[in-house]
Amino acid sequence: MSIRYGVLGTGALGGFYGGLMARRGLDVHFLFHSDYQHVLKHGLRVDSKLGDFHLHNVNAYDRPEAMPKCDVVIIGLKSTQNHLLENLLTPILNANSIVLVLQNGLNVEQTAVQIVGHSRVAGGCCFLCSNKVGPGHIRHLDYGRVVFGAYRGIDGKGIGPSRESLQRILTDLVDSGIEAYLTDDLPTTKWKKLMWNIPFNGLSVLLNASTDAIMNDPDSRLLARRISQEVRQIAMAAGCPIEPSYVDWVIDHTDDMVPYDSSMRLDFLNGRPIEVEAIYGNALLEAQRCGFTAPIVQTMYQQLKFMAAHRKPNLQP
């Protein structure tokens with residue numbers, strides 16, 4: 001029996017992964033906001049290093065009440081929109097729907113847990129360079145790996161979806177050409193992603209710089225390394241063993257990455273909310289819970305909160 005998928009947040013992430021799944025012929029239904037009329041008329045376009053494609057007939061909706069009930073709902077919205085999640089999710093859930101939260105940050109799945117419970121929530125990390133560049137138009141630049149697994153709550157004691165149900169999702173992702181993996185240790189996977197997100201999302205805003213500019217300057221490069229090391233130390237204090245060499249992996253892969261504007265920088269420049277709490281605030285809460293002091297991450301958090309509160313409107317990248 002095939003799985004019906006819903007995608008909430010058809011932007012750089014949801015448009016790319018959902019587009020690949022729809023191209024494969026899976027039953028995928030997309031919620032749009034401002035792009036709805038454009039996609040109805042022109043379809044969804046994805047320019048990708050994996051091969052460009054254009055979906056002319058898209059299951060597109062402008063409100064969740066018009067969508068069918070979905071077996072799996074992929075959350076591609078930014079965590080800054082999680083206050084909308086209950087109203088968006090409830091109309092499209094059936095009695096056994098799994099919610100797969102693919103958002104940056106730590107414990108961002110908690111909002112979904114409050115709606116459907118631990119047993120129906122999975123979380124994942126996307127190692128992806130992708131931007132929305134126009135209405136219904138996604139540009140995939142690099143990478144694309146997805147690692148996901150059952151979310152067991154802040155205390156790790158919740159019971160997430162069965163591995164069998166997650167394996168069915170994995171099969172659909174892989175068959176769609178997506179590099180995807182299951183993990184039984186979602187917290188460690190999340191911390192490894194934060195070892196990139198915390199230095200490079202924040203520095204891109206604070207320094208007004210793309211990844212290549214950060215890496216090509218010896219001072220900012222060293223700072224990025226030190227931040228990644230501090231994030232690893234928080235993870236270790238939280239019981240997630242990450243080898244020291246993973247810091248080298250983060251730096252080496254950023255060197256190899258195409259020049260990239262982080263999603264946080266693009267959101268900041270375009271006057272949209274930035275994911276300070278999900279990425280920095282929640283990591284610092286975990287550090288506090290473990291009795292660990294993280295002075296660099298704390299400083300970045302305070303700087304980013306100030307900049308978000310005092311930025312000028314209508315800035316352009």
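Which residues in α8 meet which residues in α12? The legends below treat a predicted model, beginning with this helix pair.

**View 1. Helix α8 (residues 218–237) against helix α12 (residues 295–310).** From α8, the residues R226, I227, E230, V231 and I234 take part, and they meet P295, I296, V297 and M300 of α12. Sorted by class, this contact has 7 nonpolar and 2 charged residues, with no polar ones. The two axes come within 8 Å and cross at roughly 110 degrees. An angle from 65 to 115 degrees counts as roughly perpendicular, and α8 and α12 are therefore roughly perpendicular to each other.

**View 2. Helix α6 (residues 186–206) against helix α11 (residues 276–289).** The axes of α6 and α11 lie 10 Å apart, and the helices pack at an angle of about 130 degrees. That makes α6 and α11 oblique to each other. The crossing of α6 past α11 is left-handed. On the α6 side the contact holds W191, L194, N197, I198, N201 and G202; on the α11 side it holds I279, Y280, A283 and E286. By class, the contact of α6 with α11 comprises 6 nonpolar, 3 polar and 1 charged residues. An α-helix has 3.6 residues a turn, so residues three or four places apart point the same way.

**View 3. Surroundings of M264 in helix α10 (residues 263–269).** M264 has a relative accessible area of 2% and is therefore buried, the cut-off being under 20%. Leaving aside residues up to four places away in sequence, M264 touches N201, G202, V205, I274, E275, V276, I279, Y280 and L304. Among these neighbours, N201 and G202 of α6 and I279 and Y280 of α11 also belong to the contact shown in View 2. V205 is 59 residues from M264 along the chain, yet their C-alpha atoms are separated by 7.0 Å.

**View 4. Surroundings of E109, in the loop between β7 (93–101) and α4 (110–116).** E109 is a buried residue, with a relative accessible area of 1%. Not counting residues up to four places away in sequence, E109 touches V101, V121, A122, G123, G124, Y151, L186 and K190. Of the elements named above, β7 includes V101, and α6 includes L186 and K190.

**View 5. Helix α1 (residues 14–23) and the residue G25.** Of the 10 residues of α1, 8 are buried, so α1 is largely enclosed by the rest of the structure. The buried residues are G14, G15, F16, Y17, G18, G19, L20 and M21. Just after α1, G25 takes a positive phi of about 100 degrees.

**View 6. The protein chain as a setting for the close-ups, with 12 helices and 10 strands.** Along the principal axes, the C-alpha atoms fill a box of roughly 50 × 45 × 35 Å. The radius of gyration is 19 Å, which agrees with the value near 20 Å that a compact globule of 317 residues would have. Buried residues make up 54% of the 317 residues in the protein chain. Of the contacts with a separation of 6 or more, 70% come from residues 24 or more positions apart.

How values were computed:
Residues numbered from 1 in each chain as written. Predicted model: local features only at pLDDT ≥ 70, side-chain atom pairs only at ≥ 80, totals over all residues. Heavy atoms only, no water. Axes fitted to C-alpha atoms, helices over the stretch in contact; angles between N-to-C directions. Helix = DSSP H or I, 4+ residues; strand = E, 2+ residues; numbered from the N terminus. Parallel < 35°, antiparallel > 145°, perpendicular 65-115°, else oblique. Left-handed = near helix turned anticlockwise from the far one by under 90°. Contact = heavy atoms within 4.5 Å. Nonpolar A, V, L, I, M, F, W, Y, C, P; charged D, E, K, R; others polar. Rg over C-alpha atoms; globule rule 2.2 N^0.38 Å. Buried < 20%, exposed > 50% of the residue type's maximum accessible area, 1.4 Å probe, protein only.
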